[in-house]
Amino acid sequence: MTGTVYLVGSGPGDPDLLTVRARRLLEEADVVLHDKLPGPEIIDLVPDGRREDVGKRAGGERTPQSETNARLVELARDGKDVVRLKGGDPFVFGRGGEEAAYLAAHDVPFEVIPGVTSAVAGPAVAGIPVTHREYASSVSVVTGHEDPTKEESAVDWAALAATGGTIVVLMGVGKLPEYTAALREAGMDPETPVALVERATWPDQQVATGTLETIVDARDAAGIEPPAITVVGAVAGERERVVEFLRNGPDPGPDANAGEP
Ligand code: SAH
């Protein structure tokens, strides 16, 4: 009997943000194939003997996608129920779509278990709503991995700037200087707030803030590294207010002590 492959989203990293289904599958699967993106707390939920790291290899280079695909098919044909655990949501920039297509082409039964994507949860845990009734009616989620100065870049930064909405960039730490410049050249206000959220919900989460003009320096000063989310737009300026509220609770106001003895 062929086993089933479950393409499971882990959420951003806090085990409390796993779905109930994901948690159950992690406990029941014969094998869990993962990389580093689900974060140490979630990976540690799976006993050593039942997991395989298909992320970076000893030499530092990535395991080729073709090897991961072939391994999924091999395990399933061996009768194993396999969890392919992916950071965030499996179909948001995680190559989950490619893995699903490969499994379908090889007649391996599979299911997709959506996860809480870092594109939305990363900003949220830093106090940033990705949409806002007053100043962000849309949100675009894009990859920052490509070089915006290349002609064949698949991301149209000028078109994104023209939406007037929030821009959320995944894989966007390294090319931050290039695409913030591209957005400014496209006419975006250099004062537009920008936030970087590294390892959102991990125990060592870090946030850096600035503007389209200052964020590269802020990144370097804070030592922000991948994985991190970039949020560009007025919503990133909401962070101060939201975070202060989360920290201190409601403003007691001038009459706070009224009525007390
Ligand atoms: N499927 C994932 C995205 C995979 S692409 C999702 O839905 O979240 C990898 C990129 O995701 C990273 O470069 C980073 O930009 C982002 N990312 C994933 N988890 C993150 C986290 N906990 N904190 C910050 N960024 C994260």
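In this predicted model, helices α7 and α8 touch through a small set of named residues: Leu176, Pro177 and Thr180 on the α7 side meet Ile215, Val216 and Arg219 on the α8 side. Sorted by class, the residues of this contact are 4 nonpolar, 1 polar and 1 charged.

Two packed helices are described by the angle between their axes and the distance between the axes. Helix α7 covers residues 176–185 and helix α8 covers residues 215–222. Their axes lie 10 Å apart, and the packing angle is about 160°. Angles over 145 degrees count as roughly antiparallel, so α7 is roughly antiparallel to α8. The crossing of α7 past α8 is right-handed.

Elsewhere in the model there is a sheet. Its 5 strands form an open arrangement with parallel pairing, and their order is β3-β2-β4-β1-β5. At the edges are β3, residues 51–53, and β5, residues 110–113, each of which pairs on one side only. On average, neighbouring strands in this sheet are turned by 20° against each other, direction ignored.

The pairing of β1 with β5 can be followed by residue. Strand β1 spans residues 5–9 and runs parallel to β5, with 4 bridges joining the two. One bridge partner pair is valine 8 and isoleucine 113, the latter in β5.

A helix also packs on this sheet: α1, residues 20–28. Helix α1 touches β1 and β5, and also β2 (31–34) and β4 (82–86). The direction of α1 makes about 130° with that of β1.

Key
Residues are numbered from 1 along each chain as its sequence is written. This is a predicted model: local features need pLDDT of at least 70, side-chain atom pairs count only at pLDDT 80 or more; totals for chains, interfaces and linings use all residues. Side-chain values use heavy atoms; hydrogens and water are left out. Two strands pair if DSSP finds at least two bridges between them. Axes are lines fitted to C-alpha atoms, for helices over the stretch in contact, and angles run from 0 to 180 degrees between N-to-C directions. Contact means heavy atoms within 4.5 Å. Angles under 35 degrees count as roughly parallel, over 145 as roughly antiparallel, 65 to 115 as roughly perpendicular and the rest as oblique. A crossing is left-handed if the near helix is turned anticlockwise from the far one by less than a right angle, and right-handed if clockwise. Ala, Val, Leu, Ile, Met, Phe, Trp, Tyr, Cys and Pro count as nonpolar, Asp, Glu, Lys and Arg as charged, and the others, Gly among them, as polar.
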